[in-house]
Amino acid sequence: MILFPNAKINIGLNVTERRPDGFHNLESVFYPVNWCDALEILPAEAIEFTSSGIQIPGNPESNLCLKAYQLLKADFEIPPVKMHLHKNIPIGAGLGGGSADAAFALKGLNELFELNLTPEQLENYARKLGADCAFFIRNKPVYAYAKGDEFEPVTMNLSGYKVMIVYPEIHITTAEAYGKIKPKPAKIPVKEAVQNAMETWPKTVFNDFETALFPTYPILPQLKKQFFEAGARYASMTGSGSAVFGIFQTEIPAELTFPDNFRSWHGRL
């Protein structure tokens, strides 16, 4: 079985308060994009995880794909598997790649071993792996709130628009990003702001992490400015960074280029 875990972008991200449990409450719109990893899952004699592509930091035994297997293994008699992850989605970019890998591992194991878990049940497993993992179970645009693991449907159709995402090879950890954030209630809730015409978004739809991180990483506001100068209808950093995206109504201009060492992807929304 081969699966293709995809990334997501945040359209608006307000960090509204620090919770008693040490996490933060936030609100955002999560929107899936087709920048993908590739995950192969096969029955095996012993549990095994390997990877290729972008180097994944840390101990392979702590990879979220393996943690997804162990979660299901605790509740179901499933045999060992071999998992191989080819990593394309940049790490520390705010694109949710690791969360997507974990969620797709859950979905793949559910299908492979015919566990018959519902989307709601899979989401509950995914929440144990990370705040935004549950989003990738249904993989549809949502308004996310609480820790980013509670969802409401959002009326938003960006099909036909094009998006370009650039990762400037800056790995920003979640700890660093949240360490610089100052939670505050949003002036205009994201759910409300995104219902207006996209022309209004640059003045009403914000990512709070930009205020926290742009002074430290000046390339990030430069990339955002470059997108707008190239005709993007909207541009923003996604998640806690450092990837920046631009949304275009027409084709992405050919003259929009970036340094060779930056990773980029573009496609339809």
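This passage describes the annotated sites of a predicted model and the packing of three of its helices.

We can begin with the annotated domain. In the UniProt record, an unreviewed entry, residues 63-137 carry the annotation "domain: GHMP kinase N-terminal". Within the model, this span is 51% helix and 9% strand, and the C-alpha atoms at its two ends lie 18 Å apart.

The UniProt annotation "active site", again from an unreviewed entry, covers Lys8 and Asp132. The two residues are spread over 125 residues of sequence, yet they cluster in space, with a largest C-alpha distance of 10.0 Å. Both Lys8 and Asp132 are included in the lining of the largest pocket. As for its place in the fold, Lys8 belongs to strand β2, which is formed by residues 6-18.

A "binding site" is also listed by UniProt (unreviewed entry), and its residues are Pro90, Ile91, Gly92, Ala93, Gly94, Leu95, Gly96, Gly97, Gly98, Ser99 and Ala100. Of these, Pro90, Ile91, Gly92, Ala93, Gly94, Leu95, Gly96, Gly97, Gly98 and Ser99 are included in the lining of the largest pocket. Ile91 sits in the loop between β6 (81-87) and α2. Helix α2 itself comprises residues 97-112.

Helix packing comes next. Two packed helices are described by the angle between their axes and the distance between the axes. For helix α1 (residues 64-73) and α2, the axes come within 8 Å and cross at roughly 35 degrees; the crossing is right-handed. On the α1 side, the contact involves Leu64, Cys65, Ala68, Tyr69 and Leu72. Their partners in α2 are Gly98, Ser99, Asp101, Ala102, Ala105, Leu106 and Leu109. By residue class, this contact divides into nine nonpolar, two polar and one charged. Gly98 and Ser99 thus appear both in this helix contact and among the pocket-lining residues of the annotated binding site.

Helix α2 also packs against helix α3 (residues 119-127), here at an angle of about 135 degrees and with the axes 10 Å apart. Angles over 145 degrees would count as roughly antiparallel, and α2 and α3 are therefore oblique to each other. Their crossing is right-handed. Leu106, Lys107 and Asn110 of α2 make the contact with Leu122, Tyr125 and Ala126 of α3. These residues divide into four nonpolar, one polar and one charged. Leu106 of α2 takes part in the contact with α3 and also in the contact with α1.

Terms used: Residues are numbered from 1 along each chain as its sequence is written. This is a predicted model: local features need pLDDT of at least 70, side-chain atom pairs count only at pLDDT 80 or more; totals for chains, interfaces and linings use all residues. Side-chain values use heavy atoms; hydrogens and water are left out. Axes are lines fitted to C-alpha atoms, for helices over the stretch in contact, and angles run from 0 to 180 degrees between N-to-C directions. Helices (H or I, at least four residues) and strands (E, at least two) are DSSP runs, numbered from the N terminus. Angles under 35 degrees count as roughly parallel, over 145 as roughly antiparallel, 65 to 115 as roughly perpendicular and the rest as oblique. A crossing is left-handed if the near helix is turned anticlockwise from the far one by less than a right angle, and right-handed if clockwise. Contact means heavy atoms within 4.5 Å. Ala, Val, Leu, Ile, Met, Phe, Trp, Tyr, Cys and Pro count as nonpolar, Asp, Glu, Lys and Arg as charged, and the others, Gly among them, as polar. UniProt positions are given in the numbering used here, feature names are shortened, and annotations may be inferred rather than shown by experiment. On a 1 Å grid over the protein atoms alone, a cavity is a set of points where a 1.4 Å probe fits but cannot get out, and a pocket is an open set with protein on both sides within 12 Å along at least five of seven lines; lining residues have an atom within 4 Å of a point.
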